[in-house]
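User: I am new to reading structures and would like a close look at a single part, the surface that faces the RNA. Please take me through it slowly.

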Amino acid sequence: MIDINFLRENTSQAVEKLSLRGFHFNSKLFLELEEERKKIQIKTQELQEVRNQLSKKIGVEKSLLKNTDDLMREVSKTSADLKMIEIQLHEVQQKINDYLMEIPNLPHPTVPIGKNEADNIVIREVGSKKKFDFEVKDHVDVASKLGLDFDLGSKLSGSRFTLMRNQIARLHRAIGQFMLDVQVNEHGYEECYTPYLVNTDSLVGTGQLPKFEEDLFLTKKGENDLLYLIPTGEVPLTNIVRNSIQEEGDLPIKLTTLTPCFRSEAGSYGKDTRGMIRQHQFEKVEMVQITHPDQSYTALEEMVNHAENILTKLELPYRVVSLCSGDMGFSASKTYDLEVWLPSQNVYREISSVSNCESFQARRMMARFKDDSKKNKLVHTLNGSGLAVGRALVAVIENNQTKEGYINIPSALVSYMNGLKVIKI
RNA sequence: GGAGAGCUGGCCGAGUGGUCGAAGGCACUUCCCUGCUAAGGAAGCAUACGGGGUUAACCUGUAUCGAGGGUUCGAAUCCCUCGCUCUCCGCCA
């Protein structure tokens with residue numbers, strides 16, 4: 001949620017900045033609603049004051065055994081008026097709030113301006129692409145013989161589900177464990193185990209709700225007991241600080257977790273249907289930092305490095321991309337994507353996304369800290385993948401395939417594979 | 001799943017219809033006193049949103065005692081629904 005004061009005081013600037021993201025901010029409607037809200041709120045509070053004072057007076061008079069019929073009649077009338085206007089106030093506040101919840105974050109000044117993916121800026125390319133002296137296969141062709149089974153995935157659950165067996169399942173687990181270990185042991189994140197089902201408050205906090213419900217899987221325990229499967233570990237990790245006031249000295253809070261992620265992928269029909277690039281269920285190591293507002297952009301760069309370090313250790317070529325204004329997610333002020341090289345398609349594919357949400361999520365969550373002068377201020381929240389396990393598996397398979405159809409295990413993973421160096425049939 | 005108890009400010013805890021945003025204590029902050037590993041005294045000390053303001057300090061209003069609804073002139077206090085915690089029983093990895 002954007003600061004409502006910013007929208008009030010810098011309306012034209014807000015319109016302009018939001019249009020960079022392709023969002024039309026209806027400032028006229030907003031200002032009208034605000035005007036109305038203000039009028040009604042002042043009136044409401046006045047009536048409340050009258051009611052409170054008269055009621056207090058009744059108490060005093062009664063204790064003096066005086067007759068209070070006249071007073072009671074008067075308050076009765078005030079209360080009736082109040083009831084009506086309180087309903088109006090709630091309505092207009094609800095309208096304003098509903099609208100605020102749908103407005104995406106403002107892009108940081110350093111974000112490249114653009115409409116879509118094509119306008120993203122490549123910051124750097126790292127690592128050398130392997131030369132193959134045979135025709136490279138994609139991960140489906142390589143790994144199908146080794147335990148990667150899409151048919152069984154769809155037999156059990158439908159399209160966009162995968163079953164892994166044997167050394168492929170082992171490799172998948174190895175990658176996840178390896179990544180989590182690096183984030184915890186080398187980069188200083190606190191390891192967490194989180195719920196995979198979360199309530200609506202949590203999803204509102206990080207920005208998935210109310211606008212993007214169709215992207216989520218919803219579970220049902222009873223009539224009104226709704227829980228959603230997490231689309232990313234960012235949701236439980238970030239919501240740890242929801243409705244809280246941190247000590248300034250405790251910042252930054254650095255958290256990580258390895259979780260499954262569940263996404264309905266509504267609206268991506270026909271996209272990436274082959275292989276395990278786009279699944280309903282995948283694993284991901286998530287990094288989250290809760291920082292002082294002055295530190296969040298330093299932390300953003302740091303987190304990109306933390307994600308890059310994984311790719312370097314896995315000896316995978318990649319590039320860092322700064323997402324343009326039109327391609328960023330709803331909650332982000334600035335986002336870097338890491339894209340890993342996939343030789344079968346001759347392209348870089350997203351494997352990590354690292355974002356600074358500034359105070360956007362913090363405001364929704366009421367996540368604050370006490371500063372020097374004892375004032376409560378909003379924290380900044382950042383999140384990033386470090387990394388997506390499924391896509392890392394794809395990259396490892398494709399970049400390390402051999403002529404014979406084997407997979408060489410990157411040395412960083414050998415110990416996680418119980419010493420195994422090659423996966424053969 | 002069954003039975004019972006509870007949920008009050010950072011923490012403990014009082015408060016069963018009126019002057020209660022809430023006694024008292026602990027912790028914390030500032031000051032005073034003392035001079036030594038501690039004690040005594042004074043004041044301050046929840047959050048959000050309005051209004052005023054030299055837009056800072058501050059003054060002022062409203063709301064919030066697990067959440068939401070209701071009764072009432074008036075609700076922390078009474079009623080209803082829900083959530084959570086604890087104890088016992090059952091079941092279970």
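Which helices each supply at least two residues of the surface near RNA strand B?

Analyst: Please keep in mind that this is a predicted model. The helices you ask about are H3, which covers residues 27–63, and H4, which covers residues 69–101, and each of them supplies at least two residues of the surface near RNA strand B. Of the elements that contribute, H3 gives the most, with 15 residues.

Looking at the residues themselves, there are 21 around RNA strand B, and the ones that come nearest are Gln48, Glu49, Ser55, Gly59 and Val75. Sorted by class, the surface near RNA strand B is made of ten polar residues, six charged residues and five nonpolar residues.

It helps to place this surface within chain A as a whole, which is divided into domain 1, running over residues 26–101, and domain 2, running over residues 117–423. The C-alpha centres of domain 1 and domain 2 lie 48 Å apart, while the C-alpha trace of chain A spans about 100 × 45 × 45 Å along its principal axes.

In secondary structure, chain A holds 13 helices together with 18 strands. Of its 425 residues, 37% count as buried, and among the contacts in chain A with a separation of 6 or more, 73% come from residues 24 or more positions apart. To return to your question, the two helices to look for beside RNA strand B are H3 and H4, each with at least two residues in that surface.

Methods
Residues numbered from 1 in each chain as written. Chains lettered and ligands numbered in written order. Predicted model: local features only at pLDDT ≥ 70, side-chain atom pairs only at ≥ 80, totals over all residues. Helix = DSSP H or I, 4+ residues; strand = E, 2+ residues; numbered from the N terminus. Buried ≥ 20, exposed ≤ 12 C-beta atoms within 10 Å, placed from the backbone. Contact = placed C-beta atoms within 7 Å. Near = placed C-beta within 6 Å. Nonpolar A, V, L, I, M, F, W, Y, C, P; charged D, E, K, R; others polar. Domains from an automatic or database assignment.
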